[in-house]
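Reader: I should be grateful for a close look at one part of this structure, with the reasoning set out in full. Please choose a segment, explain how its surroundings were judged, and relate it to the rest of the chain.

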Amino acid sequence: MADLELKTRQGFAPDAGHESGPAALPDEIGITLTINGKRQELHVRPWTTLLDLLREDLSLYGTKKGCDHGQCGACTVLIDGERMNSCLALAVTKDGCEVTTIEGLASPDGTLHPLQEAFIEHDAFQCGYCTPGQICSGVALLREGHAKTPEEIREHMSGNLCRCGAYTNIVDAIESVIAKENAK
Ligand code: FES
Ligand code: FES
């Protein structure tokens, strides 16, 4: 017992004069992101989510904050072409990635992405709050190529909620782009 007490004092107790507890996080960390085609050197706080970086630091308000808990899909962006809930990603973990938000989907000359055109054509939004996330998710879905039928489109878009219930027209919009691509 005496041995154990000695070991505890010598081996595990903090040395006199040294602070105990976890190491402090740096205030900011330097990262590089290519956002909508533009490479940016950024200094971000370690706990800043990609969503907050986009909206609060870079004023890219197209990406919406719904639940902030990974449950609604309103914050969906493309990271290296894959869809992701930006509220669930710490910005520092995306160092070196390419991020595309709704603002980056149209061509530089202003021509809308075919899915943006299709959303307008099919009235696929009401309040529009979910729309940027729906469109980013839909763009990735088209690229993934898994969904062919309305049922499959619904299944693969199920992470994106719409409070207004515009689902039918959203599915029609995505289906119309798939049909146009197949007709080429
Ligand atoms: S705000 Fe990210 S999933 Fe709802
Ligand atoms: S159009 Fe209103 S939440 Fe989808």
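Author: A residue is called buried when its relative accessible area is under 20%, exposed when that area is over 50%, and partly exposed in between. The model discussed here is a predicted one. Q40, in strand β2 (residues 38-44), shows how the cut-off is applied: its relative accessible area is 19%, and Q40 therefore counts as buried. Contacts of Q40, leaving aside residues up to four places away in sequence, are I31, T32, L33, I35 and L58. L112 gives the contrasting case, since its relative accessibility of 31% makes it partly exposed. L112 lies in the loop between β5 and α3 and, together with I120 and F125, makes a nonpolar surface patch of about 250 Å².

The part chosen for close study is helix α4. This helix comprises the 14 residues 131-144; at 1.5 Å a residue it should span 20 Å, and the 19 Å between its end C-alpha atoms agrees with that expectation. Of these 14 residues, 12 are buried, so α4 is largely enclosed by the rest of the structure. Among the buried residues are T131, P132, I135, C136, V139 and L142. The enclosing elements can be named: the buried residues of α4 pack against strands β3 (76-79), β4 (82-85) and β5 (98-100), and against helices α3 (114-121), α5 (150-156) and α6 (167-183). After the helix comes G145, with a positive phi near 75 degrees.

Within α4, G138 merits separate mention. Its relative accessibility is 0%, so G138 counts as buried. Not counting residues up to four places away in sequence, G138 touches L115, M157 and I174. The C-alpha atoms of G138 and L115 are 7.6 Å apart, although 23 residues separate the two along the chain.

The wider setting is a nonpolar core. In soluble globular proteins, nonpolar side chains tend to be buried together. The largest nonpolar core here has 25 residues, of which L105, L115, F119, I135, I153 and I174 touch the most other members. Helices α3, α4 and α6 each supply at least two residues of this core. Another core, of 15 residues, lies apart from it and includes I35, V44, L50 and A91.

How values were computed:
Residues are numbered from 1 along each chain as its sequence is written. Chains are lettered from A and ligands numbered from 1 in the order in which they are written. This is a predicted model: local features need pLDDT of at least 70, side-chain atom pairs count only at pLDDT 80 or more; totals for chains, interfaces and linings use all residues. Side-chain values use heavy atoms; hydrogens and water are left out. Helices (H or I, at least four residues) and strands (E, at least two) are DSSP runs, numbered from the N terminus. The expected span of a helix is 1.5 Å times one less than its number of residues. Buried means under 20% relative accessible area, exposed over 50%, partly exposed in between (1.4 Å probe, protein chains only). Contact means heavy atoms within 4.5 Å. Patches are made of residues with over 30% relative accessible area and no salt bridge: like charges are joined within 9 Å, nonpolar side chains (Val, Leu, Ile, Met, Phe, Trp, Tyr) within 5 Å. Accessible areas come from the Shrake-Rupley method with a 1.4 Å probe; for residues, only the protein chains shown count as cover. A salt bridge is a side-chain nitrogen of Lys or Arg within 4 Å of a carboxyl oxygen of Asp or Glu. A nonpolar core is a set of buried Ala, Val, Leu, Ile, Met, Phe, Trp, Tyr and Cys residues joined through side-chain atoms within 4.5 Å.
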